[in-house]
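Student: Hello! Could you pick one part of this model, look at it closely, and then show me how it fits with everything else?

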Amino acid sequence: MKERILEAFVEEAHENGLKFTMDDLAKRLAISKRTLYEHFSSKTLILETLIERTNDDMIRKTEQIVGNDQLTLLEKIKQSIRVIPQYYEFYDLRILDQMKKYYPEHWKKVHNDLNDWPQIRTLIQQGIREGIIVNKNEALIMRLIIDSINLTLDQRFFLDNSVTVEDAIYSIVDILLFGLVEK
């Protein structure tokens, strides 16, 4: 039931923004508010759970990739940047703007999570040391990676241009790692 509630929360947020009520969420799920409150005591707790699970999911997936000895360093970098968390659709610019306004502490955590990727930074540093990645300013390289991937938060762009978020991320990673020029 908790998973259903989290999924319904994401759907409700996409359709109506974050101003919906627990009553709205219960109606969407076709359950009583009492049943909803048995699983989550507040809308804020649902939001916190969603943020925590999304972050934990990204960390877990990235650590699996980084720990895979069968992958080359370049493959680890590619696959780590391409990690899409379970609830990626929740991180949409419109929802994040509302979170910043109505849930500033939660927004700060999400913002920090979206702008600091220590596992990828470590891989980039290793790539620079090993001569696989160009020896340019590491902070700039990380900023390019993070900002490029965070472009996927503008999900309207992808809908308007018939591109899935996953396809966009794959293209972004390929462009970042291999450039725009045909070899």
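Tutor: Gladly! Let me begin with how elements are named: helices are DSSP runs of H or I with at least four residues, strands are runs of E with at least two, and both are numbered from the N terminus. Please keep in mind that this is a predicted model. With that naming, the order of elements from the N terminus reads α-α-α-α-α-α-α-α-α-α-α, that is, eleven helices and zero strands.

The part I would choose is α8, a helix of twelve residues that runs from 118 to 129. Its first and last C-alpha atoms are 16 Å apart, close to the 16 Å expected at 1.5 Å a residue. Which of its residues are buried? They are Ile120, Leu123, Ile124, Gly127 and Ile128. Looking down the axis of α8, you find these buried residues within an arc of 140°, so they line one face of the helix. As for what they meet there, the buried residues of α8 pack against α4 (43-66), α5 (73-81) and α9 (138-150). Just after the helix comes Gly131, which has a positive phi, near 80°.

Now follow the packing outward to α9. For its 13 residues, 1.5 Å a residue gives a span of 18 Å, and the end C-alpha atoms are indeed 18 Å apart. Its buried residues are Ile141, Met142, Ile145, Ile146, Ser148, Ile149 and Asn150. Among the elements that cover them are α5, α7, α8 and α11, so α8 turns up again here as part of the cover of α9.

The other partner worth a stop is α4, where Asn55 is located. Is Asn55 buried or exposed? Its relative accessible area is 17%, which is under the 20% cut-off, so Asn55 counts as buried. Once neighbours within four places in sequence are set aside, the contacts of Asn55 are Lys109 and Asp113.

Next, the nonpolar cores. The largest one has 28 residues, and the members that touch the most others are Phe9, Leu18, Leu25, Leu36, Ile46, Phe90 and Met99. At least two residues of this core come from each of α1 (2-16), α2, α4, α6 (93-102) and α7 (104-114). The largest share belongs to α1, with six residues. Separate from it is a second core of 21 residues, which includes Ile77, Ile120, Leu123 and Phe158. Two of those names, Ile120 and Leu123, you have already met among the buried residues of α8. Back in the largest core, Leu25 makes a good example: beyond its neighbours within four places in sequence, it is in contact with Ile5, Ala8, Phe9, Phe20, Leu36 and Ile46.

Some of these names fall in annotated stretches. An unreviewed UniProt entry gives residues 1-58 as "domain: HTH tetR-type". In the model, that stretch is 79% helix and 0% strand, with its end C-alpha atoms 22 Å apart. UniProt also lists residues 21-40 as "DNA-binding region", again from an unreviewed entry. Here the span is 75% helix and 0% strand, and its end C-alpha atoms lie 13 Å apart.

Two backbone angles deserve your attention as well. Most residues other than glycine have a negative phi. Ala30, however, has a positive phi of about 60°. Where is Ala30 found? It sits in the loop between α2 (22-29) and α3 (33-39), and it is exposed, with a relative accessible area of 72%. Ser162 is another non-glycine residue with a positive phi, about 50°. Its loop joins α10 (155-160) and α11 (165-178), and Ser162 is exposed too, at a relative accessible area of 71%.

Finally, step back to the whole chain. Its C-alpha atoms fill a box of roughly 60 × 35 × 30 Å along the principal axes. Of its 183 residues, 40% count as buried. Among contacts with a separation of 6 or more, 64% join residues 24 or more positions apart. The chain exposes about 10,600 Å², of which carbon and sulfur atoms supply 51%.

Terms used:
Residues numbered from 1 in each chain as written. Predicted model: local features only at pLDDT ≥ 70, side-chain atom pairs only at ≥ 80, totals over all residues. Heavy atoms only, no water. Expected span 1.5 Å × (residues − 1). Buried < 20%, exposed > 50% of the residue type's maximum accessible area, 1.4 Å probe, protein only. Arc of directions from axis to C-beta. Contact = heavy atoms within 4.5 Å. UniProt positions renumbered as here; feature names shortened; annotations may be inferred. Core = buried A, V, L, I, M, F, W, Y, C linked by side-chain atoms within 4.5 Å. Areas by Shrake-Rupley, 256 points an atom, 1.4 Å probe, with all protein chains shown as cover.
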